[in-house]
Amino acid sequence: MENRNGNAGKPGNGLTKIQTNGNEICHDDSSGSVKAQTIDELHSLQKKKSAPTTPSTGYQFGASFANLSEEDRQRQQLQSISASLASSARETGPKVVKGDPGKAHKHVHHHPVVPTISVSDSALKFTHVFYNLSPAELYEQAIKHEKGSFITSTGAMATLSGAKTGRAPRDKRVVRDETTEDDLWWGKGSPNIEMDEHTFMVNRERAVDYLNSLDKVFVNDQFLNWDPQNKIKVRIVSARAYHSLFMHNMCIRPTPEELEDFGSPDFTIYNAGQFPCNRYTHYMTSSTSIDLNLARREMVILGTQYAGEMKKGLFSVMHYLMPKRQILSLHSGCNMGKDGDVALFFGLSGTGKTTLSTDHNRYLIGDDEHCWSDNGVSNIEGGCYAKCIDLSREKEPDIWNAIKFGTVLENVVFDEHTREVDYTDKSVTENTRAAYPIEYIPNARIPCVGPHPKNVILLACDAFGVLPPVSKLNLPQTMYHFISGYTALVAGTVDGIKEPTATFSACFGAAFIMMHPTKYAAMLADKMQKYGATGWLVNTGWSGGRYGVGSRIKLQYTRKIIDAIHSGTLLNANYKKTEVFGLEIPTEIEGVPSEILDPVNAWPDKDAHKETLLKLAGLFRDNFDVFTNYQIGKDNKLTQEIVSAGPIF
Ligand SMILES: Nc1ncnc2c1ncn2[C@@H]1O[C@H](COP(=O)(O)OP(=O)(O)O)[C@@H](O)[C@H]1O
Ligand SMILES: C=C(OP(=O)(O)O)C(=O)O
Ligand SMILES: [Ca+2]
Ligand SMILES: [Mn+2]
C-alpha cells in the first residue's frame, strides 16, 4: 500500500501524529475565542437591541429600558393594544405581553398590564403581541408557523391566501345607524350592504375571542395618506405574519419616532380571517363577512384571508372620511413627470392603473388609492399591489425587480427546488399578486405627494374592441365616463366562452365608495375645472375585433399613447369625431400604427363592428339610466351636458 507521498507504509514514516499539549486535548487555535460561556450566551450576543418596534421579550421588558419613561411608554402601548383586544362583554382587556410565546417570560408576571375585573379563562392567559415586526422577523414567523409560506429565488415571500383568492364584495357590510343613515348611499346599486350595530358587535366579539384564543397576534400601527394634515392612524390586529407583512408593505410605515407618539389609533381592523362567521347570526349569508362600523371606527374580517380586503376596506373608510373634509378620494394610480406634470389613472381592476403608473420615465406617486385636496394629490398607501399573471421582465421591468426580499407574493406557483416563480401558472388563481413597499420602485416619489393633476386618464379594458385606443374628452364626457365606470372583462378562458361581459362600476370603484357616486363626480368636475385638467379615455383592451377575434392592444402602444398625453403633443394633434360615442380621436401618434387609432379600420368585418358598437352603446345607455335624475354639483347645466355626453344612436 502506498500513501500520498509515495512512501510504502513504512512504520514511523507515515502521517505525522497529531501533537497535543500533554493533556491529550485537541485545540483549534485558528481564531480568538468568543465572549460566551454557554451556547445561550453566545446566541444572546448575536442580536443587538434596536428600534422599539422590535418585540421585547419579558426579560428585556424589565431590564434593558433604563429610564422609567421608556417603560411607561411601553406600558401605555400595551394598554392601548389590550384595549383594542378587549371583549365588549366581559373584562376590560386581555393580558397582553410583547414577544414570542416560544420564549420564556421570566419577569412579565410581575407586570400585569391591565387589572381584570371579572376572571374568565381568556383573562387568565397571556396574549402575546408581535408589535410592528420587521419584514425579516415576519418572514421567520411565516416560514416557521404558516403552511404554504416559502422564500422564492429572488427573496420574496410566497404564500397562500387560502380558499379566497379575491375580494368578496357581496359579504361586505356596513353598520346602518343614525349617522350613516343619512350620510351613506344605501339601496340598489350601492356597495353598502347594511347590518345593525348589534350584529356588528356579535361578529366583533367572535373575532376578538378568536384572536385572544391564539398564543400570539400581530399588531401593526401605521398611517394612511401622505398628506401630513390628513394622515389617519390605523391599527391592524391579525393572526398571520402574512397579513402583518402585507399591511407593513401597503400602509405607510412610521418612523421609530412617529411610533413613539402613536397613541391610540383612529381606525382598527380585527382580521380573524381564518375563522368563519356564524351563519346563524342575523344578516350572514355565507361564512365570510367584512364588517365596517364607522361610528366605532372598526372593521372586522371573518372567513376570508385574502389580504386585499384589508387594503380595500380601509380605502372605503377613506372614501367616507376624506370627502367629509372636502377632499376627493380616488381609485386611481398617479405619477409625475420631471417637470411636475401629474397624471391620474382611473380604471377598474385589470385595466392598467398599476402597470401604467409604474413608468420608468416618471416619478411614481402611487398605483391605486389617492386623495385630491386643495394642496394637490397624495397617495393613501405606502405600497403597491401588482397583478403578476403573465408578468414579464421585458414588459414590466420595474414591477419585476420589485419582487425581492420583503415582497409578499400571493398564490403564485414556483419550482419546488429552484424556487423560481412561474408567472404564467394559474393553478391556484389567475389573481396572483405582489405587494411591495413603494420605495421598491426606483423612481418612487417619497413623500408620495404631488401638485394638481394636469391629465385625468380613464382606463377601460374594452373586450368588445370598439372603443378607440385613445380619445380626448371634454368635461361632460369625462364626467359621463367617470360615472359610468366601464370596463369589459373576458369570461373565463377555460370555459371557452367567447362573449365579453361589460361591467359598469360608478367612479371606477363602486365597490369602495360610501356615498352616492354623484357626490364624488361633482367634486371631480369641480377640481378638474378649477385646475384645468384634461380628460382622456384610453382603451387598454381589444383592437381589430372583439375578444376571441381581435387581440389586446400591445402594452408598447398604450405606453406610447400615454407618453404623448404626458408630453402634451396629443393635446395639439389633429382630431376627428367617432360616430355613436362621439369621441375625439387623434389621426396620428408617434410609435403607434395609425390604422388602429380608429377602431373601425382595424376590424376586417365592418358590419360586425357596427353591430358590436351599437350593442355596447346600448349597455352604456341602460346603465346610465339610473343617474339621469341626479343633479351633479350646483350646476344644473353641467348635469344636462353630462347626460348628453353619452352615445347617440
Ligand atoms: N395595453 C395594455 N395596457 C395596460 N395593461 C396591459 C396591456 N396589455 C396587457 N396588459 C396587462 O394587463 C394588466 C393590467 O393590470 P393592472 O395594471 O394591475 O391593473 P389595475 O392596477 O388597474 O388593477 C397587467 O397584467 C398588464 O400586463
Ligand atoms: C386589490 C384590488 O385592486 P386592483 O385589482 O384594482 O389592483 C382588488 O380589487 O382586490
Ligand atoms: Ca384597485
Ligand atoms: Mn392595481
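Tutor: A polar contact is a pair of N or O atoms within 3.5 Å. Keep that in mind as we look at this predicted model.

Student: What makes the link between Lys387 and ligand 1 a polar contact?

Tutor: A polar side-chain atom of Lys387 lies 2.5 Å from an oxygen atom of ligand 1. That value falls within 3.5 Å, so the pair counts as a polar contact. Thr354 has a polar side-chain atom 2.8 Å from an oxygen atom of ligand 1, and Thr355 has one at 2.8 Å too.

Student: Which residues are closest to ligand 1?

Tutor: Ligand 1 is surrounded by 16 residues, and the closest are Gly350, Lys353, Thr355, Lys387 and Glu396.

Student: Let's turn to the metals. How do you know that Lys312, His331 and Asp368 coordinate the calcium ion (ligand 3)?

Tutor: For calcium, a donor is an N, O or S atom within 3.2 Å. Lys312 (NZ), His331 (NE2) and the OD atoms of Asp368 sit at 2.2 to 3.1 Å from the ion, so they meet that cut-off. Along the chain, the donors follow the spacing K-x18-H-x36-D. Here Lys312 belongs to helix α10 (residues 308-324), while His331 is in the loop between β12 (328-330) and β13 (332-336), 19 residues apart.

Student: Are Lys312 and His331 buried or exposed?

Tutor: Both Lys312 and His331 are buried, so each has under 20% relative accessible area.

Student: Why is the arrangement around the calcium ion (ligand 3) called irregular?

Tutor: The 6 donor atoms subtend angles of 45 to 143 degrees. Six donors count as octahedral if opposite ones are over 155 degrees apart. The angles here stop at 143 degrees, so the arrangement is irregular.

Student: How far is the calcium ion (ligand 3) from the manganese ion (ligand 4)?

Tutor: The two ions are 4.6 Å apart.

Student: On to the strands. What makes β16 and β17 a pair?

Tutor: Pairing needs at least two bridges. Strands β16 (residues 370-373) and β17 (residues 376-379) are joined by 4 bridges and run antiparallel, so they pair. His370 stands opposite Asn379 in β17, and a hairpin of 2 residues connects the strands.

Student: How do you know that β17 also pairs with β23?

Tutor: The antiparallel pairing of β17 with β23 (residues 449-450) has 2 bridges, so it meets the requirement of at least two. In this pairing, Val377 stands opposite Gly450.

Student: Finally, what makes the span of helix α7 close to the expected one?

Tutor: Helix α7 (residues 197-213) has 17 residues and reaches 24 Å from its first C-alpha to its last, and 24 Å is expected at 1.5 Å a residue. Its buried residues include Phe200, Tyr210 and Leu211.

Key
Residues are numbered from 1 along each chain as its sequence is written. Chains are lettered from A and ligands numbered from 1 in the order in which they are written. This is a predicted model: local features need pLDDT of at least 70, side-chain atom pairs count only at pLDDT 80 or more; totals for chains, interfaces and linings use all residues. Side-chain values use heavy atoms; hydrogens and water are left out. Donors are N, O and S atoms within 2.8 Å of the metal (3.2 Å for Na, K and Ca); water is not among the atoms, so sites may look incomplete. Four donors count as tetrahedral if all angles lie between 85 and 135 degrees; four count as square planar and six as octahedral if opposite donors are over 155 degrees apart and all others between 65 and 115; anything else is irregular. Buried means under 20% relative accessible area, exposed over 50%, partly exposed in between (1.4 Å probe, protein chains only). The expected span of a helix is 1.5 Å times one less than its number of residues. A residue is near a molecule or strand if one of its heavy atoms lies within 4 Å of it. A polar contact is a pair of N or O atoms within 3.5 Å; within protein, one must be able to donate a hydrogen and the other to accept it, and residues adjacent in sequence count only if both atoms are side-chain atoms.
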